[in-house]
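Biologist: I am new to this structure. Please take a close look at one part of it, the aromatic rings and what lies around them.

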Amino acid sequence: MRNRGIILLFFASLCLPGLHAGDGIRQDAGLWTNVSIAPKLLAGRWKTLYSLEYRSKEHFRETSLWCGMWNVDYVFNPCIQVGIGYEFFLNREPGGGYGPEHRYYPEAIFSYGAGAFSVNLRSRVMNTFTQWNDPHWVGRNRLKAACSIHGTPLKPFAGVEPFHEIDPVAQRFQKIRYTAGCSYVAGRQKWDIYYLREDYLSQRFVRNILAIDYNYAF
């Protein structure tokens, strides 16, 4: 019971930043949807993921971007896995049309579970660019906690993910994402429905997102 109370308190604390959007902070809202498939490569050790994502902005009225992603990880054991990923973006430009953008990253994932509870830390170092000679390196570390509800396919979760610049001169936090929602697992299919708050620290800008993810593993 004590562990359950700690997890619930952690979930609730991630919702608190949404209460502090005072005067002078610009806000937007949008919908993010992601569809992914996860075929097995080699039994037990390799995991791969292909996904397509859509994002909107301007209070759901405009498309923000489309994104295709590929990711592969090697599983050392239930607690540790490492991998690489690539993302291709088509960003909606102010004057209309779409501009391409690329991203690649190595990642490491550390997981721990005890009974119905699990904690997951994912660390990535990303290079995002439109031209190869103009790299932009950013680190991101997502801490996510989840709790299975006995006798149901539901699994509430919450997470926090800061992004920080990787620069020898100015290493600063760029933004922080807070998430809170629930997974629905049915066989090989999984639905995630959650609220995501993206807080751009230096720009005094907050994005409020309704996110829906679908994953099929086989």
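Modeller: The charged end of K175 is placed over the ring of F163, at 4.7 Å from the ring's centre. A second lysine is arranged in a similar way: K144 lies over the face of F157, 4.4 Å from the centre of that ring. Both are read from a predicted model, not from an experiment.

Rings also pair with one another. The count of aromatic pairs comes to 11. One of these joins Y74 and F76, whose ring centres are 5.0 Å apart. The planes of Y74 and F76 make an angle of 80°, so this pair is edge-to-face, the term for angles over 60 degrees. Y74 has a relative accessible area of 26% and is therefore partly exposed. F76 is partly exposed as well, with a value of 45%.

Another pair is made by F129 and W132, with 4.6 Å between the ring centres. Their planes meet at 40°, which means that the pair is tilted. The two partners sit on opposite sides of the accessibility cut-offs: F129, with a relative accessible area of 3%, falls under 20% and so is buried, whereas W132, at 68%, is over 50% and so is exposed.

F129 and W132 also belong to a wider group. Ring pairs link them with Y104 and W137 into a cluster. Within that cluster, then, the tilted pair of F129 and W132 brings together a buried ring residue, F129, and an exposed one, W132.

Notes:
Residues are numbered from 1 along each chain as its sequence is written. This is a predicted model: local features need pLDDT of at least 70, side-chain atom pairs count only at pLDDT 80 or more; totals for chains, interfaces and linings use all residues. Side-chain values use heavy atoms; hydrogens and water are left out. Rings of Phe, Tyr and Trp (its six-membered ring) pair if their centres lie within 6.5 Å; planes under 30 degrees apart count as stacked, over 60 as edge-to-face and the rest as tilted. Buried means under 20% relative accessible area, exposed over 50%, partly exposed in between (1.4 Å probe, protein chains only). A charge sits over a ring if NZ of Lys or CZ of Arg is within 6 Å of the ring centre and within 35 degrees of the ring normal.
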